[in-house]
Amino acid sequence: MNLLKQALHEQRFICLVEFVPKPTAKSFAAFEALMQRRTLCGWPLVATIADRVASRFDLSPLDAFDRLADPAPALLHFSGKDRERHDLLQQLERMDRLGLEQLFIISGDRLPGHEPGQQSVRYLESVPALQQVRQARPDWLLGAALNPFKYREEEGGAQYFKARKKLAAGADFLTLQLGFDAHKHLEALTWMRQQPSPRPLLACLMALTHGRATMLEHVAGTVVSPSMRAAVAAEAEVSKAHAQQRSISRLGLQVIGLKLMGYAGVELSGIHDLTQLQALEQAIEHWQAQITTPAQWSEAWQASWQTAGQPPVTFHPPGATWQWGQSTVSASLQEKTRYHLLAGLHHQAFSRTTWLSRALGWGVRRSLWSTPGGASALHRIERSLKRPMVGCDTCGQCRLEDTLYICPETCPKGLANGPCGGTTLNRCEFGDRECIHSIKYRTAKAVGQTAVLTERLIPCIEADHRHRSSWPGWFDAAEDLPSNPRSRFSGECSAQTDPDQ
């Protein structure tokens, strides 16, 4: 049993140290010197290697692992940005050869240079990727991400809905995205403990300085409130050394707090060398000697952010305070009407129980449409009808019923199972629209279809299935019966034994 898996199994607190690979010998040497410590305050240290954080041309986690002089078992990341299913399967084979049996799977943040409408970039979504790895490697340790630092009901509720899918798809643990709001850390822990089969939670942490706060303004889904920025800016005005000491002290205090809350461990981001790790260890030991209860920690955490002349720090965006369990939003009349109209149209055209659906099924299965010219014409017909209504990009295996008739192709990343972690107050990471998954959440809640967003694991779309009509496949599929509501649009990934993803 590998170290991370054993620690989670034994409920021993563990520290992961994130390595963002840079193609310099100095960065590798510094990281290896850091990891030779093996422990932090007696807690096991495990390396985790990020996947192309800055650029698609960064070293992959596997290439980085190969370059380590002393490659201890590590938790590799797999980001689905600009990737297809075959890329995932190739990584599994390489990991087998290296004896690696643990993987952290994410859809991935926005690929630099990706502009909707200007170029097509595919994102292999975490939910189908998880299920594919679980099916292929049933004994591996698999992790996934959760971002609870959301302050509108739609984006927060949709995050937890998708997290349920990740657990069902095979995630053994979830790691929270970077955050500083203790109320949200507790919220995520409360949510997890109420799941039928709770899994361990880890939290991603970083020592926040003024420079990093400025940088994080451009990291989608990471919340640094105006009062937090003001606090770290005031520290920087005193001196760089003072600001660094305060940031490391807070990081040590946050580690202690998460351990007291019941987190299984932490993932440390921004610790690049042994000197920083040693400073963090001293801060943790300092706080361990003083903090023994959650109440003591909460008081110390608030005090650690206070600076003379600055107002009290709040960790949420101004005017946005939603917490899990609050339910106030509802779909607009237009959103509800749209859903009911499209659901009624679907029933008439694709249920196989109406004369129109039987006639359509008979028509699209004629041999004419299996010829190259006929298939191209049918594709154009479907696209011309559905694109004005739902933004269809004719992916070949339509998933509209599984997404409440909100086409996943209108998400810049093409995500079908739920949102990424990059939204901000319901706005898409790309900034040009409301997140479609927030609209789905409101609609599902209004029409009593929230189970669609939590229980239906929607499969990936194979690259060679795109840009063709989905209609013949639907009517040809003998197993797709009206009693199986999820099957109409979702299809399945080729070479998959279980299409329910």
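**Exercise 1. Find the sense in which strand β3 (residues 43-49) and β4 pair, and place β4 in its surroundings.**

Step 1. Strand β3 and β4 run parallel, paired over three bridges. Two strands count as paired if DSSP finds at least two bridges between them. Helices (H or I, at least four residues) and strands (E, at least two) are DSSP runs, numbered from the N terminus.

Step 2. Take one bridge: Ala47 has Ala74 in β4 as its partner.

Step 3. Turn to β5. β4 and β5 are also parallel, joined by four bridges. Leu76 has Leu103 in β5 as its bridge partner.

Step 4. Add the helix. β4, helix α4 (residues 85-98) and β5 form a right-handed β-α-β unit. Right-handed means that, with the strands pointing away from the viewer, the path from the first strand over the helix to the second runs clockwise.

Step 5. Check the cover. In β4 (residues 74-79), six of six residues are buried. Buried means under 20% relative accessible area, exposed over 50%, partly exposed in between (1.4 Å probe, protein chains only). One side carries Ala74, Leu76 and Phe78, the other Leu75, His77 and Ser79, and all are buried.

The model is predicted: local features need pLDDT of at least 70, side-chain atom pairs count only at pLDDT 80 or more, and totals for chains, interfaces and linings use all residues. Residues are numbered from 1 along each chain as its sequence is written, and side-chain values use heavy atoms, with hydrogens and water left out.

**Exercise 2. Work out which parts of the chain the Arg37 and Glu281 pair links.**

Step 1. Start with the contact. Arg37 and Glu281 form a salt bridge, 2.6 Å from N to O. The cut-off is a side-chain nitrogen of Lys or Arg within 4 Å of a carboxyl oxygen of Asp or Glu. Side chains of opposite charge can pair when their charged atoms come close.

Step 2. Locate the ends. Arg37 is in the loop between α2 and β2, Glu281 in helix α11 (residues 274-288); the two are 244 residues apart.

Step 3. Compare exposure. Arg37 is partly exposed at 27%. Glu281 is buried at 14%.

**Exercise 3. Describe the salt bridge of Glu125 with Lys162, then put it beside other salt bridges.**

Step 1. The closest N and O atoms of Glu125 and Lys162 are 3.0 Å apart. Glu125 is in the loop between β5 (102-106) and α5 (126-136), and Lys162 is in helix α6 (residues 153-169), 37 residues apart. Both residues are buried.

Step 2. Asp51 and Arg52 also meet in a salt bridge, at 2.9 Å, N to O. Asp51 is buried at 5%, and Arg52 is buried at 6%.

Step 3. Arg122, Arg399, Glu409 and Arg466 are linked in a salt-bridge network. The structure holds 29 salt bridges.

**Exercise 4. Explain why Cys407 makes no bond with the closest cysteine sulfur.**

Step 1. A disulfide needs two cysteine sulfur atoms within 2.5 Å. The structure holds zero disulfides.

Step 2. The closest cysteine sulfur to that of Cys407 is in Cys392, 5.6 Å away, so the gap is too far for a bond. Cys407 is buried at 7%.

Step 3. Cys428 is in no disulfide either: the nearest cysteine sulfur, in Cys411, is 6.2 Å away. Cys428 is buried at 13%.

**Exercise 5. Place Arg38 and Thr394, and give the phi of Arg38 and of Thr394.**

Step 1. Arg38 is in the loop between α2 (25-35) and β2 (39-40). Its phi is near 70°, positive in a residue other than glycine. Arg38 is partly exposed at 42%.

Step 2. Thr394 is in the loop between α15 (372-390) and α16 (436-447). Its phi is positive, about 40°, although Thr394 is not a glycine. Thr394 is buried at 1%.
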